[in-house]
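Work through the short exercises below. Each task is followed by a stepwise solution.

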Amino acid sequence: MPVVVVTDSSASLPAELASELGVLAVPLHILVDDREIREGVDECDIDYSSSTVTTSGASPGDLKAVYEQALELSGGDGVVAVHISRQLSGTWEAGRQAVRDMDSDKVRLVDSLSAGLGTGLPVLAAARRARTGAPLDIVYDAAVSAASRGRAFIVVNRTEQLRRGGRLSTAAAFFGTELVTKPILQIVDGRLELREKARTRSKAFAKLVAAAVDAAGDDGATVAVQHLGAEEAANTVAGQLRDLIPGIRELIVAEFGPTLGVHLGMGAVGALVVPGGCG
């Protein structure tokens, strides 16, 4: 194999696509009482509204094992590891420790500056470049470029879980009126921030679509829509984006994985765009 691309399970890439491109994923963890569940590996049936459910990133040991496997598969050509934003998870920092332990200059880390398919799309860009036989530097640059161009917008029903987990700035604590508003969030430089709010869920989705269309530009874009228990709404948003984004290159619809679901809550819908596409 050429350069091998590694990510973590929060990237939410459809399994068949990840397999086709040879992407390896390190599982993140959901903690339920005294149980530790590996995302994408163990059966996972959790109550997303429970205050006792938490998450944790991959450990340096977990990451080192997969990096070493990937390096062997590449025949020494190298590994590009694209992970969830370091502002949202300790996984990227654990990856840096793993690379130090390996003492290898053939493993390059990329902070996706995002989460979910906001991480998955840069993974896609890197893996597609790797499949052409591109060298390590070119594959790394493809991931960095897609991550820097990516934009992510999310509608959630409530922000209590995000604030409780420390993923949302307390500056966004306008929620004396939260019960009668729907927040639209965005990821900026890897941080989750409040973008705006709407009175109803339908108006929130309209703002979500408008933000994604504006971010996508008119030069073609790779687009993804994610949801948690809101398939109908996600398909509606996807259809609108398909109609409104000029020259859309690719559209992926997928569910948020459980590690993100714990923080976003049921009913969340996200729109993620990479202007110019992912190769």
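**Exercise 1.** Is Glu68 buried, partly exposed or exposed?

Solution. The model is predicted.
- Step 1: take the relative accessible area of Glu68, 36%.
- Step 2: apply the cut-offs, under 20% for buried and over 50% for exposed.
- Step 3: Glu68 is therefore partly exposed.

**Exercise 2.** Find the salt-bridge partner of Glu68 and place the pair in the chain.

Solution.
- Step 1: the side chain of Glu68 meets that of Lys64, at 2.8 Å from N to O.
- Step 2: both sit in helix H2 (residues 60-73), four residues apart, so about one helical turn separates them.
- Step 3: Lys64 has 24% relative accessibility and counts as partly exposed.

**Exercise 3.** Analyse the salt bridge between Arg86 and Asp111.

Solution.
- Step 1: the closest N and O atoms are 2.8 Å apart.
- Step 2: this pair links distant parts of the chain, 25 residues apart. Arg86 lies in the loop between strand E6 (79-83) and helix H3 (91-102), Asp111 in strand E7 (residues 107-111).
- Step 3: Arg86 is partly exposed at 41%, whereas Asp111 is buried at 13%.

**Exercise 4.** Trace the salt-bridge network that includes Glu196, then locate its strand in the sheet.

Solution.
- Step 1: the network links Arg195, Glu196 and Lys207.
- Step 2: Glu196 and Lys207 meet at 3.2 Å, N to O. Glu196 belongs to strand E10, Lys207 to helix H7 (residues 201-216).
- Step 3: the open, mixed sheet has six strands, in the order E10-E9-E8-E13-E11-E12. E10 (191-198) is an edge strand, pairing on one side only.
- Step 4: E10 pairs with E9 (residues 182-188) in the antiparallel sense, over seven bridges.

How values were computed
Residues are numbered from 1 along each chain as its sequence is written. This is a predicted model: local features need pLDDT of at least 70, side-chain atom pairs count only at pLDDT 80 or more; totals for chains, interfaces and linings use all residues. Side-chain values use heavy atoms; hydrogens and water are left out. Two strands pair if DSSP finds at least two bridges between them. Helices (H or I, at least four residues) and strands (E, at least two) are DSSP runs, numbered from the N terminus. A salt bridge is a side-chain nitrogen of Lys or Arg within 4 Å of a carboxyl oxygen of Asp or Glu. Buried means under 20% relative accessible area, exposed over 50%, partly exposed in between (1.4 Å probe, protein chains only).
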